[in-house]
Structure formats: C-alpha cells, structure tokens
Amino acid sequence: MGSPKKDQNKGFFSAMTSGLSLFGNAMHRSVNGLLGYEGVEVINPEGGKEDAEEEAHRGRWKQEERESYWKMMHKYIGSDVTSMVTLPVLIFEPMTMLQKIAELMEYSYLLDQADKCEDPYLRLVYASSWAISVYYAYQRTWKPFNPIIGETYEMVNHGGITFISEQVSHHPPMSAGHAENEHFTYDVTSKLKTKFLGNSLDVYPVGRTRVTLKRDGVVLDLVPPPTKVNNLIFGRTWVDSPGEMIMTNLTTGDKVVLYFQPCGWFGAGRYEVDGYVYNAAEEPKILMTGKWNESMSYQPCDMEGEPLQGTELKEVWHVADTPKNDKFQFTYFAHKINSFDTAPKKLLASDSRLRPDRFALEKGDLSKAGSEKSRLEERQRAEKRTREGKGHQFTPRWFDLTDEISATPWGDLEIYRFNGKYTEHRATVDSSDGIDEVDMASIEFNPWQYGNLSTE
C-alpha cells in the first residue's frame with residue numbers, strides 16, 4: 001500500500017520505495033567492544049553526529065545504573081517483559097496504563113465531527129486523525145505504571161465524555177476501556193505484547209479498538225502499527241512507530257490506510273504519516289499527509305492517487321500547545337488526566353489518581369514512590385494467594401469476559417465487553433442528594449474494597 005509523497009512530480013505512490021530505502025540506511029551504531037556489552041546497539045535518530053561510545057553514555061541513566069540493569073536485563077533478551085521484570089521508578093512517569101488509554105480522548109472532538117459528517121470518506125479522515133493524534137503523547141519515553149488488578153480510572157468534564165477503564169487481568173496484563181458522549185461510543189480491550197531486544201523494546205498493540213458513531217450506527221475498527229522504543233539503557237531513549245495504521249468502516253467496507261514512515265538517516269522521514277482513504281472497491285478517494293507530532297491534512301484525489309485539480313490541502317488536526325520544559329513531557333491534557341478536575345463525584349477508591357506510588361513520583365519523591373510500588377505489588381501477590389487458596393477467581397466489576405476471540409496481527413485476543421453497570425452506578429451517584437464534599441486526595445487507594453477479587 002503506497003503513501004503520498006509531497007513531491008508531486010514523482011507521484012504519490014513512489015514514497016514507499018524511498019521510505020523503505022531510508023529505513024534500510026538508518027544508522028545502527030554498535031557499541032560492542034567499546035563498552036564490553038554483547039548484543040547492544042545504540043541507534044541515533046540524528047544519524048550519528050556523535051561517535052557510538054559518546055552517544056551510548058547519553059540519556060537518563062548513570063553509568064553504574066546502566067551496568068547494573070544491563071546485568072539484570074540481558075537474560076531476558078527475546079522475551080516478553082510486559083510484567084515479568086521489576087523496574088526502578090526512576091524510569092516511570094506518574095501515570096498508569098489505564099490513564100494512557102484515556103489520553104486518546106484529548107482530541108475527541110474529531111470523533112464528534114466524524115459523527116456529524118455526511119461524507120463517508122471525510123468521516124474516515126476525521127476518525128483516523130483522532131487515532132493519530134495520541135501519538136504525540138505516546139512519544140514520551142517514560143514508562144507508565146502497570147495497573148493493579150481491579151484498578152480503575154474514571155474521567156468526566158471533557159468533551160461531554162464519561163470514561164471508565166479497568167485492569168481486568170494481571171497475567172497476562174489486560175485492560176478494558178469504555179467512553180461515551182452524545183456522538184460516539186469507544187470500546188477497547190488491550191493486551192500489550194513486548195519483545196526485549198537488549199537496548200530496544202518492540203511493543204505490539206495486541207488489542208481491539210472499536211468506535212461506534214451514533215447518528216448512523218457506523219462501526220469503525222482500528223489496527224495501529226507496532227512501536228519500537230530505542231536506547232532503553234544506553235543512549236537517549238526515543239520512540240518510533242513504523243508501519244501501517246488501518247481503520248475500517250465495518251458497516252460499509254470503506255477504509256483508510258496510513259503509513260508511518262520509519263526514521264531514516266539523519267532523522268529523515270521521522271514522524272511522517274501518509275496514506276489514502278479508500279472506498280469498498282479499494283479505489284483511493286482522499287489522500288492524507290502530515291506528521292504525527294504536528295498535524296494532519298487531506299485533499300481529494302483521483303484514481304491514481306494524485307490531487308484533484310482545483311482542490312487544495314486542508315488541515316484537519318493540529319497538536320495543541322504544550323507546557324515548556326515539563327519534566328515528563330506531559331501535555332496539558334495529561335496533567336488534566338492526573339488532576340481531580342476530571343474526576344467524577346464520589347470517585348472510586350480504585351482510581352489510578354489515588355495510587356500512592358504514582359502520587360509520590362508526581363511530587364518528586366522517588367524513594368517513597370519505590371517503596372509504595374513494592375508494597376502494592378506485594379499486596380497484590382498476597383491477595384492472589386488468598387484468592388487461589390479459597391478456590392476463587394477474579395471477576396472485573398465494569399466489564400464482562402465474552403466468548404469472542406479476536407484475531408490480531410500479533411496474536412489472538414479475548415474480548416471484554418462493557419457491561420453497563422458503571423453507567424448505572426454513575427446515574428445513581430450523580431442523582432443522589434446530600435453527598436458530602438470529600439477531599440479526594442485523602443481517599444485511600446483500594447482496588448480490593450469491592451469484593452470482586454473473591455468472586456466464584
């Protein structure tokens with residue numbers, strides 16, 4: 001599947017060849033023999049302006065920390081390390097994976113526009129631009145906390161959305177999420193799969209994302225590209241997501257295929273996204289182009305993928321302003337997600353905002369963050385032993401495991417479905433009178449309080 005190229009003299013489908021060529025020429029600077037570590041590569045997105053040894057010493061790790069964690073991690077090369085390795089809090093950001101799911105809602109107005117749009121192809125332009133918009137936030141190189149089983153995250157006061165996510169499984173780590181407003185519903189089951197490669201990590205988005213546009217009942221299915229985290233231990237950590245993103249209108253068969261260009265020599269192609277909206281007969285109707293860290297634009301095209309005469313490129317999405325010199329490279333929306341401004345009345349005690357390790361890290365207390373993280377993980381293990389000793393199984397509160405198995409490019413996925421109980425819960429709470437004002441920050445984090453960890 002080709003990608004538009006901004007040089008119109010060569011035609012839009014020519015970019016695939018040049019993109020793959022750049023990827024083949026990307027700088028892979030080995031530090032074998034320089035630092036004494038076998039199987040380590042430092043990849044410089046700027047194309048090697050510094051020599052390999054100097055580049056390898058850059059990043060957030062101190063030399064003694066690099067050596068210590070390399071000794072610990074090298075035995076896991078080739079393995080899925082999603083939840084099998086205990087990592088230091090110094091590489092974490094004060095956010096959980098459940099909150100990362102909510103970051104997709106920053107530009108939810110694009111889904112509102114897709115629902116209002118009568119043109120079926122322009123509808124996919126809006127919806128796919130929404131899917132791309134989160135990659136600006138995903139380029140952060142800090143690791144989010146793995147949620148405790150039964151942990152939740154709630155969000156209101158943003159675009160008329162009610163959002164709930166829940167950690168539905170610990171081994172393997174799986175999350176489910178649901179969001180809804182007057183224009184759309186969003187449902188996701190997520191089970192990240194990883195492969196540790198020494199100084200890099202491949203992240204495979206094993207999951208299913210479905211968006212239903214309410215006006216016409218259109219159902220959209222999203223398959224994102226994999227992500228590669230480069231220079232985990234040696235060098236400056238950076239993220240790339242080369243490959244195809246495909247969004248399919250399951251109702252009509254129309255689809256959009258967008259190609260995320262890989263980072264090439266001297267950073268060539270990094271961030272660039274190009275592709276087309278196709279009708280059900282796989283004929284191109286609209287070209288799309290842009291950068292996932294800046295903006296996306298579109299233009300009607302002919303059957304050859306060339307821009308139609310008399311039309312112009314129009315911007316559909318542009319990244320919002322971001323805080324300057326933010327320690328964790330958070331957007332304003334990420335800070336909003338962490339705040340109680342987006343919390344509903346009578347917040348669940350299982351909410352990620354209340355995690356003491358996350359809160360301590362946000363305040364800059366790494367020592368307390370590390371000890372609280374260890375305490376929570378040990379309690380989770382103790383709860384599991386108690387549960388298994390009684391012959392009980394964990395049952396999520398807000399999502400039900402279905403019999404449906406979804407095939408993804410990276411493996412099969414068990415599907416969890418929103419059961420509607422959260423909607424009932426919120427309606428009851430929001431309609432209740434006499435609820436006392438509570439200092440939400442004083443609520444003790446407790447994902448175990450509801451008894452759903454000991455359901456037969």
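Asn 446 lies in the segment that follows helix α11 (421-431), where helices (H or I, at least four residues) and strands (E, at least two) are DSSP runs numbered from the N terminus. The model is a predicted one, in which local features need pLDDT of at least 70 and side-chain atom pairs count only at pLDDT 80 or more, while totals for chains, interfaces and linings use all residues. Residues are numbered from 1 along each chain as its sequence is written, and side-chain values use heavy atoms, with hydrogens and water left out.

With a relative accessible area of 19%, Asn 446 is buried, a term that stands for under 20% relative accessible area, with exposed meaning over 50% and partly exposed in between (1.4 Å probe, protein chains only). Its side chain reaches the backbone nitrogen of Trp 448 at 3.0 Å. Not counting residues up to four places away in sequence, Asn 446 touches Ala 349, Ser 350 and Arg 379, contact here meaning heavy atoms within 4.5 Å.

From this residue we turn to the sheets. In one open sheet, 12 strands follow the order β5-β6-β7-β8-β11-β12-β15-β16-β17-β18-β19-β20 with antiparallel pairing, and two strands pair if DSSP finds at least two bridges between them. Because β5 (152-155) and β20 (314-318), at the edges, each have a single partner strand, one side of each is left without a neighbour in the sheet. Within this sheet, the antiparallel strands β8 (residues 184-190) and β11 (residues 207-213) are joined by 7 bridges, and Thr 189 has Arg 208 in β11 as its bridge partner. Helix α5 (residues 109-116) lies across β8, β11 and β20, and runs at about 50° to β11 (axes are lines fitted to C-alpha atoms, for helices over the stretch in contact, and angles run from 0 to 180 degrees between N-to-C directions).

Another open sheet has 4 strands in the order β9-β10-β13-β14, again with antiparallel pairing, and its edge strands, β9 (193-196) and β14 (238-240), each pair on one side only.

The interior can be described through its nonpolar cores, each a set of buried Ala, Val, Leu, Ile, Met, Phe, Trp, Tyr and Cys residues joined through side-chain atoms within 4.5 Å. The largest has 64 residues, of which Met 105, Trp 130, Phe 163, Tyr 186 and Met 247 touch the most other members, and helix α6 (residues 120-133) gives the most to this core, with 8 residues. Apart from it lies another core of 15 residues, including Met 174, Trp 398, Phe 399 and Tyr 416.

Key
Polar contact = N/O pair within 3.5 Å; in protein donor to acceptor, adjacent residues only side chain to side chain.
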